[in-house]
Amino acid sequence: MSFRIFIIKANEARTKADFNLKDLPGTSGRIDLLCRTLSSAFLLSHGFRKNVRVWLNLNGPPIPPKTIRFEGQEIKPKTLNPDELSTAKLIIKALKVGETIKEPSKEHEILPGIYVSNLTFEDIIRRTLRNSTLYYLHEKGKDISQIRFNRNVAFVLGDHLGLKIEDERFLENLAEKVSIGRKSYLTSHVVSYVNITLDRLMI
Ligand SMILES: C[S@@+](CC[C@H](N)C(=O)[O-])C[C@H]1O[C@@H](n2cnc3c(N)ncnc32)[C@H](O)[C@@H]1O
C-alpha cells in the first residue's frame, strides 16, 4: 500500500474564521472546494483512507498563510464525514486556534490528526520532498498512465484559480507535471481520479 499526500494551494481561502457557513462559496474564499477535496482524499463508501495526508495551504486575507494538515493514520473515526458543513466546522476550529499562533513553523494539534500552523507553501514542499516523490497535477503535464509511481507519492494541486506563476517556478525542478486529461477538472475530482488510479495500480 502506498502513502499518498495531497497538497492544495488555496489562493483566496480566508485565514480567519469570519465567514458565513450558510454561504461558504461566497464568503470563505472557496473553503467549500477544500471541504470537497478532503472528502475525495479520505472517504470511501463506508470506509476511510488511512494512508493519506492532506495539506491545505490557505493564503487569503486577513492573516496568511495558515496551513492545516490532516493525517489519515491519526484521525479518529467519524471526525471527517461526507457532509461539507461538518468539514467546514473542522476548518473553522483550526483557524480559531491558528489566529493565536505566532511561531513560523510549529504545528498545533486541534484534534487527533489535525494540525494548524503558519507554514508556507514552500515549507510544505520542502518537508514533503524529504521522503516522497513530488508531482504537480496540471492539464498540460505527462499523461498519468505513463508515470511509474513509487510507494511514497505527493501531488500538488491548485484551487479554482490554479497555481500562481511564482509557485509554478518554485516547483519547476522539484515536481514532474502530470495530467489526467486535457480538460480542466475540479480539484476534488482530480483527487478522486488520482486515488482511484493508484488503487487500480495497487500501489
Ligand atoms: C479547477 S482547476 C484550476 C483551473 C485554473 N483556471 C487554472 O488555469 O489552473 C484546479 C486544479 O486541478 C488540477 N487539475 C485540473 N484539471 C487537471 C487535469 N486535466 N490534469 C491534472 N490536474 C488537473 C490542477 O492542479 C488545477 O490547479
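## Contacts, packing and ligand shell of a predicted chain

G29 touches E12, A13, R14 and G60, leaving aside residues up to four places away in sequence. The model is predicted. In the chain, G29 sits in the loop between α1 (24-27) and α2. With 23 other C-beta atoms within 10 Å, G29 is buried, because 20 or more such atoms within that distance make a residue buried. The C-alpha atoms of G29 and N59 are 9.4 Å apart, although these positions lie 30 residues apart along the chain when counted as sequence separation.

### The chain as a whole

Six helices and 10 strands make up the secondary structure elements of the chain. Its radius of gyration is 16 Å, close to the 17 Å that the globule rule gives for 203 residues, so the chain is as compact as a globular protein of that length. The C-alpha trace spans about 45 × 40 × 30 Å along its principal axes. Of the 203 residues in the chain, 38% are buried. Among contacts with a separation of 6 or more, 67% are between residues 24 or more positions apart.

### Packing of α2 against α3

Helix α2 covers residues 31-42 and helix α3 covers residues 84-98; the two pack at an angle of about 105°, with their axes 9 Å apart. The angle makes α2 roughly perpendicular to α3, because angles of 65 to 115 degrees count as roughly perpendicular. On the α2 side, the contact is made by I31, D32, L34, C35, R36, L38 and S39. On the α3 side, E84, T87, A88 and I91 take part. By class, the residues of this contact are six nonpolar, two polar and three charged.

### The shell around the ligand

There are 18 residues around the ligand, and those that come nearest are L137, L157, G158, G162 and Y185. Three elements give two or more residues to this shell: β8 (133-143), β9 (152-158) and α6 (187-201). Of the elements, β8 gives the most, with three residues. The shell has eight nonpolar, eight polar and two charged residues.

The table sets the class counts of the ligand shell beside those of the helix contact.

| Group | Nonpolar | Polar | Charged |
|---|---|---|---|
| Shell around the ligand | eight residues | eight residues | two residues |
| Contact of α2 with α3 | six residues | two residues | three residues |

Notes
Residues numbered from 1 in each chain as written. Predicted model: local features only at pLDDT ≥ 70, side-chain atom pairs only at ≥ 80, totals over all residues. Near = placed C-beta within 6 Å. Helix = DSSP H or I, 4+ residues; strand = E, 2+ residues; numbered from the N terminus. Nonpolar A, V, L, I, M, F, W, Y, C, P; charged D, E, K, R; others polar. Axes fitted to C-alpha atoms, helices over the stretch in contact; angles between N-to-C directions. Parallel < 35°, antiparallel > 145°, perpendicular 65-115°, else oblique. Contact = placed C-beta atoms within 7 Å. Rg over C-alpha atoms; globule rule 2.2 N^0.38 Å. Buried ≥ 20, exposed ≤ 12 C-beta atoms within 10 Å, placed from the backbone.
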